[in-house]
Amino acid sequence: MNNYVWYVCNKVLSKAILIALVLGSIIVGTVIGNILVCVAVFLVRKLRRPCNYLLVSLAVSDLCVALLVMPMALLYEISGNWSFGAIMCDLWVSFDVLSCTASILNLCMISVDRFCAITKPLKYGVKRTPRRMIVYVSLVWLGAACISLPPLLIMGNEHTYSETGPSHCVVCQNFFYQIYATLGSFYIPLFVMIQVYYKIFCAARRIVLEERRAQSHLEAHCYFDIEPTVQQHQPVTVNRQLNSDVQPGHGSPPVKQHRSSSASTTVNKHSDSMEIGSR
């Protein structure tokens with residue numbers, strides 16, 4: 001019996017250590033990665049653009065999940081008992097819903113922003129100002145707050161306290177709130193992202209096909225323009241070469257005749273002057 005108890009305790013302990021190592025590494029990696037994203041955007045001048053504001057908002061939401069939600073979830077998962085009280089239960093669940101919903105809505109807004117940037121690059125590029133992107137980020141967090149605050153302010157979350165057994169802390173299980181929260185934080189953003197990325201794929205494919213068609217048309221046009229020109233210039237080049245080869249043979253006699261005529265003229269003038277002098 002003692003061996004069986006020791007075996008069970010050892011198994012539970014090894015399982016707890018494994019869970020702690022895996023979830024702890026995930027928490028550390030999430031914190032470091034999102035901090036590096038925020039630092040890179042704030043320090044690198046080329047990254048401080050309005051289009052990256054949504055990426056910073058996404059990194060902040062994931063950082064909130066890693067810092068405010070995952071450590072307590074790790075302790076709750078290992079111990080199997082919620083020992084932090086009802087107030088911390090409400091805050092923890094609210095931060096969980098807020099951060100996760102903001103992360104999903106940031107992804108949805110990023111997809112819409114990319115779609116507008118691809119389909120309307122000139123028009124939307126002018127409208128993508130820092131003020132507009134801050135408005136987008138504010139709408140994302142406002143939507144996440146509208147989903148996470150009703151249980152905290154109105155309905156309340158499910159916190160069960162027991163002196164003999166383990167206590168539990170879960171989000172509000174109201175049927176209408178579950179439908180509202182599930183649609184607003186998951187299904188509607190998922191549907192929007194699927195539609196938007198499909199349209200982005202179609203738009204990118206259409207742009208690539210148009211560029212290939214234009215390039216092939218340009219190459220064919222240049223080929224048909226250059227080919228007749230080459231055929232016309234080849235005989236002229238040959239004729240020029242032939243003329244350059246023939247011209248020295250035909251041009252030398254006139255030059256010689258011109259020189260001989262000038263020489264004869266000079267001799268005649270000299271003889272005429274001698275005759276006049278003898279006279």
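**Figure 1. Cysteine 169, a buried half of a disulfide.** With a relative accessibility of 3%, cysteine 169 counts as buried. Everything shown here and in the views below comes from a predicted model. The partner of cysteine 169 is cysteine 89, and the two sulfurs sit 1.8 Å from each other. That S to S value is inside the 2.5 Å cut-off, so the pair goes down as a disulfide. How buried is cysteine 89? Its relative accessible area is 0%, so cysteine 89 is buried too. For anyone who likes torsions: the one about the S-S bond is about 95°, which makes this disulfide right-handed. One end, cysteine 89, belongs to helix H3, while cysteine 169 belongs to strand E2 (residues 168–170), so the link ties together parts that are 80 residues apart in sequence. The disulfide count comes to one.

**Figure 2. Two further cysteines, 116 and 172.** Which of these two is buried, and which is partly exposed? Cysteine 172 has a relative accessible area of 3% and is buried. Cysteine 116, at 23%, is partly exposed. The line between the two classes is drawn at 20% relative accessible area, so the 23% of cysteine 116 puts that residue in the partly exposed class.

**Figure 3. Helix H3 packing on helix H5.** Here H3 (residues 85–119) meets H5 (residues 130–155), with the axes 8 Å apart and an angle of about 145° between the helices. The crossing of H3 past H5 is right-handed. On the H3 side the contact includes Asp90, Ser94, Val97, Leu98, Thr101 and Ala102, and it also takes in Leu105, Asn106, Met109 and Asp113. H5 brings Met133, Tyr136, Val140, Trp141 and Gly143, along with Ala144, Ala145, Ile147, Ser148 and Leu152. What is the make-up of this contact between H3 and H5? It splits into 13 nonpolar residues, five polar ones and two charged ones.

**Figure 4. A salt bridge from H3 to the loop before H5.** Asp113, one of the H3 residues touching H5, has another partner to show off. Its side chain forms a salt bridge with that of arginine 128, at 3.2 Å from N to O. Aspartate 113 is in helix H3, whereas arginine 128 is in the loop between helix H4 (121–127) and H5, so the pair ties together parts that are 15 residues apart in sequence. Are the two ends buried or exposed? Aspartate 113 is buried, with 6% relative accessible area, and arginine 128 is partly exposed at 22%. The salt bridge count comes to one.

**Figure 5. Serines 57 and 61 of helix H2.** Serine 61 lies in H2 (residues 53–79), and serine 57 is in H2 as well. Serine 61 is buried at 0% relative accessibility, and serine 57 is buried at 5%. What does serine 61 touch, leaving out residues up to four places away in sequence? Its contacts are Ser99, Ala102, Ser103, Asn106 and Trp141. Serine 57, with the same sequence neighbours left out, touches Asn106, Val137 and Trp141. Asn106 and Trp141 are also named in the contact of H3 with H5. For a backbone ruler, take serine 57 and serine 103: they are 46 residues apart along the chain, and their C-alpha atoms are separated by 8.1 Å.

**Figure 6. Two partly exposed helix positions, glycine 33 and leucine 91.** Glycine 33 is in helix H1 (residues 2–43) and has a relative accessible area of 30%, so it counts as partly exposed. From its C-alpha to that of alanine 59 is 8.5 Å, although 26 residues separate the pair in sequence. Leucine 91 sits in helix H3 and, at 35% relative accessible area, is partly exposed. Leucine 91 and leucine 68 are 23 residues apart in sequence, with 9.6 Å between their C-alpha atoms.

**Figure 7. Zooming back out to the whole protein.** How many helices and strands does the protein have? There are six helices and two strands, in the order α-α-α-α-α-β-β-α along the sequence. Of the 279 residues, 22% count as buried. Among contacts between residues at least 6 apart in sequence, 72% join residues at least 24 apart.

Definitions and conventions:
Residues are numbered from 1 along each chain as its sequence is written. This is a predicted model: local features need pLDDT of at least 70, side-chain atom pairs count only at pLDDT 80 or more; totals for chains, interfaces and linings use all residues. Side-chain values use heavy atoms; hydrogens and water are left out. Axes are lines fitted to C-alpha atoms, for helices over the stretch in contact, and angles run from 0 to 180 degrees between N-to-C directions. Helices (H or I, at least four residues) and strands (E, at least two) are DSSP runs, numbered from the N terminus. A crossing is left-handed if the near helix is turned anticlockwise from the far one by less than a right angle, and right-handed if clockwise. Contact means heavy atoms within 4.5 Å. Ala, Val, Leu, Ile, Met, Phe, Trp, Tyr, Cys and Pro count as nonpolar, Asp, Glu, Lys and Arg as charged, and the others, Gly among them, as polar. Buried means under 20% relative accessible area, exposed over 50%, partly exposed in between (1.4 Å probe, protein chains only). A salt bridge is a side-chain nitrogen of Lys or Arg within 4 Å of a carboxyl oxygen of Asp or Glu.
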